[in-house]
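Opened the notebook to jot down a few things from this fold. I wanted to look at one sheet region and some surface patches.

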Amino acid sequence: MAFRLLSKYRKKLILPVTLLLAIIGFITIYFILNITSHTNDECLWKEEKVGDDSLRIYFDLVKYKGVTWNAGIRDGDDFIAIDGKKLRNTYHASYLADRKPSGDSLIFTVSRNGQLFDTTIRVKKIIGFGNLAISLLGLIWLAVGFVVLSSKPYGFPQILFYRIGALFVMFSTGALFGGNNILNPIWKYPVLMVFIDLIWVFGIVFLPFLLVHFFWIFPFENRIIKIKYVSKLLFTIPGILYIGAVIYRSFFIYTSMNYEKALIPYHMPFIVSLNILLFIGIVIGLISLFVSYLKLKQASERTSIFVILISYTVGVLALVYLITLADVLADSIFNSPEYFLPIFLIILTPLGFGYSIFRYSLLDVSDVLKNTILYGTATFTLAGIYFLIIYSLGQSISGALTTEYQGIVAAGIFIIFAYVFQSTKDRFQNIITKYFYPEQFAYQKVLMKFSNEISSIVGLDNILDTVKETFVDALKVEKFGIALRNKSNNEFELKREDGFINKQLHFTNNEDVISNKVLEKLELKHPNAFDQLEFPAIFPCAHKDLEEEGIYTIIPMVMKQKIIGLLLFGLKHSGAQFAGKDIDLLVAASNQTAIAIENARLYDEEAKKIKLERELDVARKIQEGLLPVHVPQIKNLDTAGVMIPAMQIGGDYYDLIKVSETQMFIVVGDVSGKGLSASFYMSKLQTMIQLFCTGTKSPKEVLVELNQKISGNIDKQWFITLTIAFVDVAKRSIKICRAGHTPTIKFSNGVVNYIKPNGIGVGLEFGKLFEDSLEETEIPLAPHDIFVFTSDGINEAMNEENNFFGYNEIVKILKEKSNANSKDIVNETIKSLEKFRGVKEPNDDITCVVLKIL
């Protein structure tokens with residue numbers, strides 16, 4: 001359950017989790033630099049017993065011309081006191097010395113040949129180079145991992161890469177226990193110490209296994225990871241080790257509160273064992289990467305991995321040097337810290353990854369990176385220019401006015417700035433997309449045209465030919481195929497292809513694995529697409545054939561949670577794999593194709609029946625397929641809706657489009673006329689509304705753009721009535737715009753209002769007259785307000801005596817059920833309508849959407 005929730009909300013959790021880990025990383029670095037650093041007097045203090053009770057502390061390895069040497073102290077001198085406080089042992093001496101900040105001074109009391117003398121030592125500090133290097137490595141890896149995971153939140157290599165950065169940050173928290181335990185504030189809070197220790201142990205236990213796992217699938221899967229149970233073992237073994245470590249530390253450390261001996265790293269066999277395990281994991285990762293590099297055949301692939309291989313090798317050599325040679329070359333870290341500086345070369349590993357990933361578009365990050373840099377730079381630049389212009393204008397105008405009017409002028413100028421900036425920003429970003437991303441711009445343009453045309457094409461062969469022409473001829477996809485599901489044997493059979501070797505390719509939906517995976521992705525709100533890494537699990541009998549054919553991406557065509565078929569894609573014309581926004585465009589196109597194919601199938605199935613019966617049945621299924629599957633969940637909003645088709649099918653339609661956590665569009669429409677054509681037009685309408693309804697557009701703007709785009713795609717005898725409402729919970733307001741549709745009922749504290757702003761139907765006029773006719777109304781929201789959106793199938797419903805149901809019955813229900821939820825109000829309305837109508841057949845579709853403010 002926890003895994004499903006994490007998978008479902010991974011995209012939303014990436015940023016907050018990264019920020020939390022970054023804060024932990026920066027706190028660790030702060031402690032390393034300021035809390036856990038030691039005073040370095042460039043010598044060693046040693047102890048030896050004198051008799052049974054006495055302890056002698058003396059200086060050794062005094063660095064020539066170091067601070068202690070310059071203070072007149074030599075090897076063998078006895079260390080008596082610091083700042084007048086007699087020393088009990090070297091730990092006590094460390095505490096007294098570490099209290100002073102860098103640049104301050106200490107007074108050492110020293111004895112030489114029985115002669116006491118005081119001398120002043122200038123305080124120098126030394127930090128844990130290894131701890132700092134690991135902390136920096138973790139933060140850099142985390143930053144690169146954030147971009148990688150943002151580009152493809154559900155990609156397995158991307159997830160592993162990000163987790164490695166997170167684990168390095170967690171591992172680095174072991175440095176928080178450093179320094180003198182009296183001076184370190186962490187040691188004052190046992191519960192906090194246990195919590196940090198659990199984090200640190202988790203990081204060092206899981207890190208080697210994740211490194212091995214990642215390099216066994218990057219840059220491609222090797223043979224070992226394909227062995228059964230290997231992947232599970234790479235998660236199970238560290239899990240068992242971590243549980244064992246927690247049990248061990250709970251019994252022998254946490255309960256005894258013996259933190260001083262147990263929690264300081266590098267002094268226990270337990271800690272040493274884990275560090276050895278980590279080093280083994282790092283080395284196995286390097287060997288795996290080297291083997292994979294040798295197996296790469298193309299020079300371009302080798303070039304991208306070569307930088308990573310070199311940086312990783314340098315990092316491993318730095319670790320080997322620190323473990324083997326650093327202590328040999330330097331008499332001590334206090335006298336020769338420069339010999340320990342090469343450990344910082346481990347930072348080259350994430351930097352090498354970052355360079356190769358961004359430079360050669362590894363792990364599908366190019367789309368995110370380019371969009372972030374270009375669109376971000378464009379937006380900030382444009383905002384800066386406008387701000388300077390408006391600010392200068394405001395200063396000039398304000399200077400000419402009295403003080404009492406300057407606030408009004410400033411507010412007006414700010415409103416102008418916000419309006420002009422938003423509209424210009426959108427156009428500017430479209431220009432950037434067109435000239436900097438011509439491939440993506442071309443995809444958008446072609447697929448928009450495709451979405452407009454596909455729903456009106458009749459005949460399965462014509463639809464398949466159009467789909468193939470769109471992707472092969474217009475978008476220049478190198479390999480492309482359409483596989484349709486045969487319901488009789490549950491197999492997917494290749495119906496159209498371009499560039500395939502095996503033109504009879506087919507594969508079985510074993511145990512509905514494909515169907516179940518699609519439903520899982522829909523439930524978790526993951527992109528409904530499969531990449532090559534998922535092929536072995538989803539297409540066990542055909543994944544090798546798919547890989548040999550050069551298929552990298554598969555998009556299921558889904559209609560009402562049923563798989564119609566699969567779209568098979570090779571590489572783009574540029575040679576890159578589909579990712580990011582490309583996937584979103586392909587999914588949208590596949591949904592439209594699924595609707596069109598299903599329409600064609602239904603059309604063929606009903607061909608043997610009379611024309612009227614066929615049109616009614618097919619149109620009803622299309623109409624129902626356009627309705628939202630789930631009601632968007634928005635805090636403080638209770639929404640429910642229903643659409644009941646009549647026997648004589650019309651074109652009723654409603655949609656609930658969530659654009660943010662606080663914003664939602666409510667759309668209710670009715671296409672004039674009846675039958676299959678009405679449903680086709682409603683299919684077009686739904687596609688366009690889904691594209692146009694964004695958080696930056698008002699209902700009126702959506703209607704204007706919709707009317708412009710539908711021009712030329714609708715016959716003169718057809719038109720569409722629509723009501724579009726935009727609910728903004730944060731602003732506590734609702735904007736309503738009506739294009740010839742029935743009024744919206746507002747019920748507030750027993751008072752009923754009919755909201756009916758002016759507007760003519762969509763498709764009646766395609767010029768300025770339509771825009772000028774539209775009136776948009778904005779209404780503040782208050783708790784317990786109820787809004788009812790209906791089609792004319794409710795108020796014009798008739799009983800056996802040909803009386804209209806009207807609006808009074810709806811108002812009566814609202815008064816009686818004002819404390820009920822939206823779903824109950826909808827159900828009660830339909831129940832009352834059916835009771836009123838009696839045995840008379842419905843003469844039109846019935847649509848009712850209720851919005852209640854909590």
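My entries below cover strand pairing first, then the surface.

Entry on β9. I'm working from a predicted model, so nothing here is experimental. I looked up strand β9, residues 480-486, and found it mostly covered, with 5 of its 7 residues buried.

Entry on partners. Which strands pair with β9? I found strand β10 (residues 491-498), antiparallel to β9 over 7 bridges. I also found strand β14 (residues 562-569), again antiparallel, joined to β9 by 5 bridges. To pin down the register, I checked single residues: Ala483 has Leu494 in β10 as its bridge partner, and Ile482 stands opposite Leu567 in β14.

Entry on the turn. β9 and β10 make a hairpin, with 4 residues between the two strands. I noted Asn490 in that turn, since its phi is positive at about 60 degrees.

Entry on the positive patch. Arg223, Lys226, Lys295 and Lys544 form a positive patch on the surface. I placed Lys544 in helix α21, which spans residues 543-548. Is Lys544 buried or exposed? It counts as exposed because its relative accessibility is 57%, and the cut-off for exposed is over 50%.

Entry on the nonpolar patch. I also found a nonpolar surface patch made of Ile243, Ile247, Tyr248, Phe251 and Phe252, and together they have about 550 Å² of accessible area. Tyr248 sits in helix α9, residues 230-254. I logged Tyr248 as partly exposed because its relative accessibility is 32%.

Note on methods: Residues are numbered from 1 along each chain as its sequence is written. This is a predicted model: local features need pLDDT of at least 70, side-chain atom pairs count only at pLDDT 80 or more; totals for chains, interfaces and linings use all residues. Side-chain values use heavy atoms; hydrogens and water are left out. Patches are made of residues with over 30% relative accessible area and no salt bridge: like charges are joined within 9 Å, nonpolar side chains (Val, Leu, Ile, Met, Phe, Trp, Tyr) within 5 Å. Accessible areas come from the Shrake-Rupley method with a 1.4 Å probe; for residues, only the protein chains shown count as cover. A salt bridge is a side-chain nitrogen of Lys or Arg within 4 Å of a carboxyl oxygen of Asp or Glu. Lys and Arg count as positive and Asp and Glu as negative; His and the chain ends are not counted. The place of a charge is taken as NZ of Lys, CZ of Arg, CG of Asp or CD of Glu. Buried means under 20% relative accessible area, exposed over 50%, partly exposed in between (1.4 Å probe, protein chains only). Two strands pair if DSSP finds at least two bridges between them.
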